[in-house]
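This report describes selected features of one protein chain for a reader new to structural biology. Please keep the sequence and the structure in view while reading.

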Amino acid sequence: MKKILSFTLAFVLLLSAGLAFTACEQTEVADDFKVGFIFLHDENSTYDKNFIDAAKAAKEALGLTDEQVMFKVNIPETAECYEAAAELVDAGCDLIFADSFGHESFIMQAAEEFPEVTFCHATGTQAHTAGLDNFYNAFASIYEGRFLAGVAAGLKLNEMIAEEKITPEEAKMGYVGAYPYAEVKSGYTSFYLGAKSVCPTVTMDVKFTNSWFDIALEKEAANALIADNCVLISQHADSEGAPKACEEAGVPDVAYNLDTRNWGPNTALIASKINWQPYFEHIITATQEGTAIEQDFCKGLGDGVVQILGLNDAVAAEGTAEKLEEVKAALIAGEIKVFDTDTFTVNGEKLETYLADVDDMGDFVGETEVVADGYFHESEYRSAPYFDLDIDGITLK
């Protein structure tokens, strides 16, 4: 824990001294420096496309050549991930990044075998306990972006109520989730709480696909939620399945990772995403210069690492843009806490204490108190989410 906090403090001090992420753009990367990226899918997945686009942007910003940047796509969460990492090492990569939760054990295996290479991994949970000096995790406080997207959704519900398209009691949203993991639960809970902050009668049903990327299953899940009287749909799954289902049904949709107005010009409302470009520039620069990389990197709205995008004026309620700016400023200032324990209950009770499984030892046993000062401290003790509670108002299907 102290190691994470010390890295975080050091990074904050760097930012306060004016050495923000944009400084990475001024660094000249050596001609012999190479970085490899391992992606679970290819650009057909909205999740992976977000990473791929960020990697390409970082490459451009730092002046890297095609020979210095290597992509491995469609790498499953199996030993094939270790093999891909080993191939990148053999190709001379100084830094290797992998983008999926299930890649972690194989990236750790490679990090142990190749201590001279830096390995970074998104959404992982074990860097701060692994004891490896060349292995790092990264995520972002995407719950802030989800909350903002939820505010936009809640305002849309209020508009539908005002226009008597639905009653207040019919303000039910649907959510297509990949797996019942903490990452997904944290995301849909923050989205729901954002909607509830402006539309107090809102409820939400969640349907899991048990797959990160399955166009047919995601569309099927969205259609099932719509058939069950959900009047607005959001998602934490990686394809265009849900947005296309919403466009066909004429139901407002809130997306993740990409602006989906091209798929749903009449229904796409807004989206949230993690902007990975600053992190990629940061780790490339740090690896080359031999400076510290945070064991657990987690930044948010105030750093430009969490973003909302694709606000569709043709769908959004009047005044949405202005309200989002107001809420965004309050989130950055710390005046709004996404998981404020006064804003939700669990089994009818206020959450006063919770031991989260922050130190992931594979036992699913919580050991870290994460409720203090009136809110759940998500992603503060490690970067990957650990909010795994089922709160009132959300029904799992």
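Helices and strands are named here as runs assigned by DSSP, a helix having at least four residues and a strand at least two, numbered from the N terminus. The model under discussion is predicted.

**Helix α9 and its surroundings**

Helix α9 comprises residues 241-249, and its buried residues are Gly241, Ala242, Pro243, Ala245, Cys246 and Glu247. The elements that cover these buried residues include the strands β6 (172-177), β8 (232-236) and β9 (253-256), together with helix α8 (215-227). Just after α9, glycine 250 adopts a positive phi of about 70 degrees.

The helix also forms part of a crossover. Strands β8 and β9 run parallel and are joined by two bridges. Serine 234 has valine 254, in β9, as its bridge partner. The chain passes from β8 through α9 to β9, and this β-α-β crossover is right-handed.

Strand β9 is buried on both sides: Asp253 and Ala255 point one way, Val254 and Tyr256 the other, and all are buried. β9 also pairs with β10, in the parallel sense, over four bridges. Tyrosine 256 has serine 272, in β10, as its bridge partner. The ring of tyrosine 256 has a further partner, for the charged end of arginine 146 sits over this ring at 3.8 Å from its centre.

**Strands β4, β5 and β11**

How many of the six residues of strand β5 (residues 135-140) are buried? Six of its six residues are buried, and the strand is described as mostly covered. On one side lie Phe135, Asn137 and Phe139, and on the other Tyr136, Ala138 and Ala140.

Strand β5 pairs with β4 in the parallel sense over four bridges, and alanine 122 stands opposite alanine 138 in β5. β5 also pairs in the parallel sense with β11 (residues 296-299), again over four bridges. Here the bridge partner of asparagine 137 is aspartate 296 in β11.

Threonine 118 lies in strand β4, which spans residues 118-122. Why is threonine 118 classed as buried? Its relative accessible area is 13%, and residues count as buried because they fall under 20%. Leaving aside residues up to four places away in sequence, threonine 118 touches Asp94, Leu95, Ile96, Asn134, Tyr136, Thr287 and Ile293. One of these contacts spans a long stretch of sequence: threonine 118 and threonine 287 are 169 residues apart along the chain, yet their C-alpha atoms are separated by 7.0 Å.

**Aromatic rings**

The count of aromatic pairs comes to 29. In one of them, the ring centres of phenylalanine 51 and tryptophan 276 are 4.8 Å apart and the planes stand at 25 degrees, so the pair is stacked. This pair links distant parts of the chain, 225 residues apart: phenylalanine 51 is in helix α2 (residues 46-62), whereas tryptophan 276 is in the loop between β10 (268-274) and α10 (277-289). Both phenylalanine 51 and tryptophan 276 are buried. They belong to one aromatic cluster, whose members are Phe37, Phe39, Tyr47, Phe51, Phe71, Phe97, Trp276, Tyr279, Phe280 and Phe297.

**Salt bridges**

Side chains of opposite charge can pair when their charged atoms come close. The structure holds 16 salt bridges, among them those in the table.

| Salt bridge | N to O distance |
|---|---|
| lysine 165 and glutamate 163 | 3.2 Å |
| lysine 397 and aspartate 228 | 3.4 Å |
| glutamate 326 and lysine 323 | 3.2 Å |

Is lysine 165 buried or exposed? At 59% relative accessibility, lysine 165 counts as exposed, while its partner glutamate 163 is partly exposed at 42%.

Lysine 397 lies in the segment after β17 (394-396) and aspartate 228 in the loop between α8 and β8, so their salt bridge ties together parts that are 169 residues apart in sequence. Aspartate 228 is partly exposed, with a relative accessible area of 29%.

Glutamate 326 and lysine 323 both belong to helix α11 (residues 320-333), three residues apart, about one turn of the helix. An α-helix has 3.6 residues a turn, so residues three or four places apart point the same way. Glutamate 326 is partly exposed at 49% relative accessibility, and lysine 323 is partly exposed at 25%. Elsewhere, salt bridges that share partners join Lys172, Asp205, Asp228 and Lys397 into one network.

Methods. Residues numbered from 1 in each chain as written. Predicted model: local features only at pLDDT ≥ 70, side-chain atom pairs only at ≥ 80, totals over all residues. Heavy atoms only, no water. Buried < 20%, exposed > 50% of the residue type's maximum accessible area, 1.4 Å probe, protein only. Contact = heavy atoms within 4.5 Å. Phe/Tyr/Trp six-rings, centres within 6.5 Å; stacked < 30°, edge-to-face > 60°. Lys NZ or Arg CZ within 6 Å of the ring centre and 35° of its normal. Salt bridge = Lys/Arg side-chain N within 4 Å of Asp/Glu carboxyl O. Pairing = 2+ DSSP bridges. Right-handed = clockwise from strand over helix to strand, strands pointing away.
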